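Please take a moment with the sequence and the model that follow, and then read on slowly, with the structure still in view. The paragraphs below go from the whole chain to a sheet, then to one strand, and finally to pairs of charged side chains.

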Amino acid sequence: MSTLLKLNKIGLTYQTLKSETQAIKDASFEIDKGEFVSIVGPSGCGKTTILSMICGLLKPTSGQILIDGEPVTKISTNVGYMLQRDNLFEWLNVNQNIMLGSKINHSKNCLSKEKLKELVKKYGLSGFEKSKPSELSGGMRQRVSLIRTLALNPKILLLDEPFSALDYQTRISVQNDIHSIIKSEEKTAILVTHDISEAIVMSDKIVVLTKRPGTVKTVIDLNFERGSTPLERRSDPKFNAYFKLLWEELQ
């Protein structure tokens, strides 16, 4: 695999008139094309801050972030961001919500209407194209949100605790859905989560951060059967071993 994303000793310090706070310090890791990577660490260690720097919303105080060898110096169209809430517009139907990003962006890289219709059908939303978000289940809303993000055809998907608002049963089901879509569309994804189990079942590898100022403590490569789903991984004997390892790393 080729390296798609590289963080090279990045740091970020927040400054005010009275003080400064070092949020990230000398953080480095690489992600290959097509990998699904989770970032875990103590609360306040800078997980979401790292996502904000990858997409260009924040500029590192030190170090460099490269996507396909090119420095990230501004908000990048190579990156799609899926937030904690689906942020669907309640007055727009499913099709209108999915097309919204493409209409605003006007990028040549955006997926065609035909491709988006194909995704809607492929991922179980046929018949709901004219439905409003309030008529959808939590899982369906998340699928609409992801397809809207995919419409911009980003190289990298950033997922900031996208399942945190769902109840446990729905959460497990949606994890399966989102993982399947991302792998099927051969996208590179970075998930920020506080849930150790979620990180294990979703990921090819996990980046563990220290407490603030956050730096990379370790990177754990996961060795599950190729093509296994998050649900299947929960019953894999290796799951408990990975959970114990991560728990110890986070203490």
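**From the whole chain to its details**

Among the contacts in the protein chain between residues at least 6 apart in sequence, 71% join residues that are at least 24 apart. This is a predicted model, and its chain contains eight helices and 10 strands. The radius of gyration is 18 Å, close to the 18 Å that the globule rule gives for 251 residues, so the chain is as compact as a globular protein of that length. Measured out along its principal axes in the model, the C-alpha trace spans about 50 × 45 × 35 Å. Buried residues make up 49% of the 251 residues, while the chain exposes about 12,900 Å², of which carbon and sulfur atoms supply 49%.

Within this chain, six strands form an open sheet with mixed pairing, and their order is E6-E7-E8-E3-E9-E10. The edges of the sheet are strand E6 (79-82) and strand E10 (216-221), each of which pairs on one side only. From one strand to the next, the twist averages 20°.

Strand E3, which covers residues 36-40, is a useful place to look more carefully, and one may ask how many of its five residues are buried. Five of the five are buried, so that the strand is mostly covered. Phe36, Ser38 and Val40 point one way from E3, whereas Val37 and Ile39 point the other way, and all are buried. E3 pairs in the parallel sense with strand E8 (residues 188-192) over four bridges, and in this pairing Phe36 stands opposite Ala189 of E8. Strand E9 (residues 205-209) also runs parallel to E3 and is joined to it by four bridges, with Ile206 of E9 as the bridge partner of Ser38. Helix H5 (residues 168-184) lies across E3, E6, strand E7 (156-160) and E8, and it runs at about 135° to E3.

The next step is to consider charged side chains. Side chains of opposite charge can pair when their charged atoms come close. A search of the whole structure finds 14 salt bridges. One of them joins Lys205 to Glu35, with the closest N and O atoms 3.4 Å apart. Lys205 belongs to strand E9 and Glu35 to the loop between strand E2 (20-32) and E3, and the pair links parts of the chain that are 170 residues apart. Are these two residues buried or exposed? Lys205 has a relative accessible area of 10% and is therefore buried, and Glu35, at 10% relative accessibility, also counts as buried.

Helix H5 appears again in another salt bridge, in which the side chains of Arg143 and Asp177 meet at 3.4 Å, N to O. Because Arg143 lies in helix H4 (residues 138-150) and Asp177 in helix H5, the pair ties together parts that are 34 residues apart in sequence. Arg143 counts as buried at 15% relative accessibility, whereas Asp177 is partly exposed, with a relative accessible area of 24%.

A further salt bridge involves the edge strand E10 and joins Lys217 to Glu249, with the closest N and O atoms 3.6 Å apart. Lys217 is in strand E10 and Glu249 in helix H8 (residues 237-250), which places the partners 32 residues apart. Lys217 is partly exposed, with a relative accessible area of 41%, and Glu249 is partly exposed as well, with 23%. Finally, salt bridges that share partners join Lys115, Glu118, Lys122 and Glu185 into one network.

Conventions: Residues are numbered from 1 along each chain as its sequence is written. This is a predicted model: local features need pLDDT of at least 70, side-chain atom pairs count only at pLDDT 80 or more; totals for chains, interfaces and linings use all residues. Side-chain values use heavy atoms; hydrogens and water are left out. Buried means under 20% relative accessible area, exposed over 50%, partly exposed in between (1.4 Å probe, protein chains only). Helices (H or I, at least four residues) and strands (E, at least two) are DSSP runs, numbered from the N terminus. Two strands pair if DSSP finds at least two bridges between them. Axes are lines fitted to C-alpha atoms, for helices over the stretch in contact, and angles run from 0 to 180 degrees between N-to-C directions. Contact means heavy atoms within 4.5 Å. The radius of gyration is taken over C-alpha atoms; the globule rule is 2.2 Å times the number of residues to the power 0.38. Accessible areas come from the Shrake-Rupley method with a 1.4 Å probe; for residues, only the protein chains shown count as cover. A salt bridge is a side-chain nitrogen of Lys or Arg within 4 Å of a carboxyl oxygen of Asp or Glu.
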